[in-house]
Amino acid sequence: MLKNEFGKEIAKIMRQSSVQEYDCIIIGAGISGLMAARELVNAGKTILVLDKGRGVGGRMSTRVANNQRFDHGAQVISGTDKEFKTLIDEWCSAGVLKPVDYPTDESGAYYFCPGGIRELPIYLSKELNVKVNCRVKALRCSMNNWTVITDDKEVFKSYSVIMTSPLPQSLELLKNGDSTLPGEIAEGLSSVQYEPCIALLLNGIAKGELLNMPFVKPGGASVSLIINNSAKGVSPEPGAFTIHASREFSEKYWDFPGEETIEALLKETGYYIKYESGYLRIHRWKYSRTISSHHDRCVVAETPGLIAFAGDGFKGCDIEGAVLSGISAAQEIVRKL
Ligand SMILES: Cc1cc2nc3c(=O)[nH]c(=O)nc-3n(C[C@H](O)[C@H](O)[C@H](O)COP(=O)(O)OP(=O)(O)OC[C@H]3O[C@@H](n4cnc5c(N)ncnc54)[C@H](O)[C@@H]3O)c2cc1C
C-alpha cells in the first residue's frame, strides 16, 4: 500500500514504463559504486550506475579554475589491507596514483593523484555504463524487480540494487518509494554517522610553514587541515589552497551565510595564507567522513528485494573502506543473482 502522494505517482510510472532491465543498478559513482560496478561487469552482469553529480568521483573531487587545481574533498589514499594494496600497485602502474614524496607524521604509505584526486574515479569509470546528472528520487520493489525513479521522472529497472550514497541518503530514497527493510538491518544502517566539513577553496599567497609544505594542521579548534595544492603536486599553478574546517566549526557555521563563514575561516588561517583576490569558493560536505561505522564490510537484504548497501560507512571507512565495501557488495550480489 503506497502511503504518500509521491508513492501514488511511482505506482503510475511503474505501470506505464517498459524499459530495459539491468542485473544491477548502482546508486552513486563514487569510488565504492565504481568498484562495485567493475566487479559486476567482470562477472558478466549488466549494470547501470546513476549519480546526481556532474561527474564521477563523489567525495574524491577536484575543481579546476585558471590553471589551478584544488582537491577539495579527499586528499590522500592509504591503507593496510592486502587486497587494497594490490589495487594501489595496479593504479600506480597505470600512472594514476603516486606515492607522496614528503615525510608524513603518520606511519604507512600515502598516495595521491598528480592530476587531482578525481582522476582515479575517472580512470575506474572508463567503459562502465554511468549516467551522471541523474538524481535518484525513489526506489521501489515489486515481485523482486526494482524500479528506480529520478527527479526528472526517468525510470530504470533492475533485478538488484547496490546503494553507495551516504546511508542517511540511501535510506531516504527507500522511504520515498515506501520500501521497507527488515527492522534489524534498518537499525544497523541508521546507526552509521558522518561528520560535516566546510571546505574553502582559494587563490592566495602562502606564508610561514605553508610556503613549501603540502599540508599544515594548525592548532586551534576551527581548522583541521590546510592544503597547498601545488606543493602537494596537484596544481600546475601555485596559490591553490584548500581549507578544511573542523567538525566543531562546520557544525557551528553550517547554516551561516557564506560570506560570514569565509570571513571566519580567512581570519583563522591568516597566519598561513593571504587572500588578495581571485578564486574563492565554499563547499559544504554534509557527510564528509564516517565517525561511527557499520561493523560489516557491506549489508545485503533480500526484502523487499535484492539490495546491498556499501560505501565508506562500513568497516574500514575512508577510501580504503569504500573500495573494499563496494567490491564485497558486488560479490554478494553476484552470488545471489
Ligand atoms: C573533506 C573530506 C576529506 C577527506 N579526506 C580523506 C582522505 O584524505 N583520505 C581518505 O581515504 N578519505 C578521505 N575522505 C573520505 C573519502 O572521500 C570517502 O570515504 C570516499 O570518497 C567515499 O566514497 P563512497 O563511494 O563511499 O561515497 P561518495 O564518494 O560520497 O559517493 C557516493 C555518490 O552517491 C551520489 N549520490 C548521492 N545521492 C544520490 C542520489 N539521490 N542520486 C544519485 N546519486 C546520488 C553522490 O553524488 C556521490 O557521487 C574525505 C572526505 C571529505 C569530504
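Below are five short exercises on this predicted model, each with a worked solution.

Residues are numbered from 1 along each chain as its sequence is written, and side-chain values use heavy atoms, with hydrogens and water left out. As the model is predicted, local features need pLDDT of at least 70 and side-chain atom pairs count only at pLDDT 80 or more, while totals for chains, interfaces and linings use all residues.

**Exercise 1. The ligand shell**

Work out which residues come nearest to the ligand, and what kinds of residue make up the shell around it.

*Solution.*
- Step 1: start with the shell. A residue is near the ligand if one of its heavy atoms lies within 4 Å of it. There are 32 residues around the ligand, and Asp51, Arg59, Val76, Val136 and Asp312 come nearest.
- Step 2: sort by type. The shell divides into 12 nonpolar, 13 polar and seven charged residues. Here Ala, Val, Leu, Ile, Met, Phe, Trp, Tyr, Cys and Pro count as nonpolar, Asp, Glu, Lys and Arg as charged, and the others, Gly among them, as polar.
- Step 3: find the elements. Helices (H or I, at least four residues) and strands (E, at least two) are DSSP runs, numbered from the N terminus. At least two shell residues come from each of helix H2 (31–42), helix H5 (167–176), strand E15 (273–292) and helix H9 (318–336).
- Step 4: look for N or O pairs within 3.5 Å, the cut-off for a polar contact. A ligand oxygen sits 2.7 Å from an N or O atom in the side chain of aspartate 312. Backbone polar atoms take part too: a ligand oxygen is 3.2 Å from one in glutamine 75, and a ligand oxygen is 3.1 Å from one in isoleucine 319. Taken alone the ligand exposes 1,000 Å², of which the protein buries 94% (Shrake-Rupley method, 1.4 Å probe).

**Exercise 2. The open sheet**

Find the strand order of the five-stranded open sheet, and then its edge strands.

*Solution.*
- Step 1: two strands pair if DSSP finds at least two bridges between them. The order that results is E12-E13-E14-E11-E15, with antiparallel pairing. Strand E12 (215–216) and E15 are the edges, each pairing on one side only.
- Step 2: follow E11 (residues 193–206) to E15. These two run antiparallel and are joined by 12 bridges. Isoleucine 205 has lysine 274 as its bridge partner in E15, and isoleucine 198 has arginine 284.
- Step 3: turn to the other neighbour. E11 is joined to strand E14 (residues 240–245) by five bridges, again antiparallel, with alanine 199 opposite histidine 244.
- Step 4: check the cover. In E11, 10 of the 14 residues are buried, that is, under 20% relative accessible area (1.4 Å probe, protein chains only).

**Exercise 3. A hairpin**

Describe how E3 and E4 are connected, and locate the residue with a positive phi in the turn.

*Solution.*
- Step 1: strand E3 (residues 62–65) and strand E4 (residues 68–71) pair in the antiparallel sense over four bridges.
- Step 2: alanine 65 has glutamine 68 as its bridge partner in E4.
- Step 3: two residues lie between the strands of this hairpin, and asparagine 66 in the turn has a positive phi of about 50°.

**Exercise 4. Two loop residues**

Decide whether histidine 72 is buried or exposed, and do the same for asparagine 229.

*Solution.*
- Step 1: histidine 72 lies in the loop between E4 and helix H3 (82–93). Its relative accessible area is 1%, so histidine 72 is buried.
- Step 2: list its contacts (heavy atoms within 4.5 Å). Beyond four places in sequence, histidine 72 contacts residues including Ala199, Leu201, His244 and Trp285.
- Step 3: asparagine 229 lies in the loop between strand E13 (223–228) and E14. With a relative accessible area of 0%, asparagine 229 is buried.
- Step 4: the side chain of asparagine 229 reaches the backbone nitrogen of aspartate 71 at 3.2 Å. Among the residues that asparagine 229 touches are Arg69, Phe70, Val234 and Phe241.

**Exercise 5. Valine 49**

Place valine 49 in its strand and describe its surroundings.

*Solution.*
- Step 1: valine 49 belongs to strand E2 (residues 47–50).
- Step 2: valine 49 is buried, because its relative accessible area is 0%.
- Step 3: leaving aside neighbours within four places, its contacts are Ile26, Gly28, Ala29, Ala37, Asn129, Val130 and Lys131.
- Step 4: leucine 34 is 15 residues from valine 49 in sequence, with 7.8 Å between their C-alpha atoms.

How values were computed:
Buried < 20%, exposed > 50% of the residue type's maximum accessible area, 1.4 Å probe, protein only. Polar contact = N/O pair within 3.5 Å; in protein donor to acceptor, adjacent residues only side chain to side chain.
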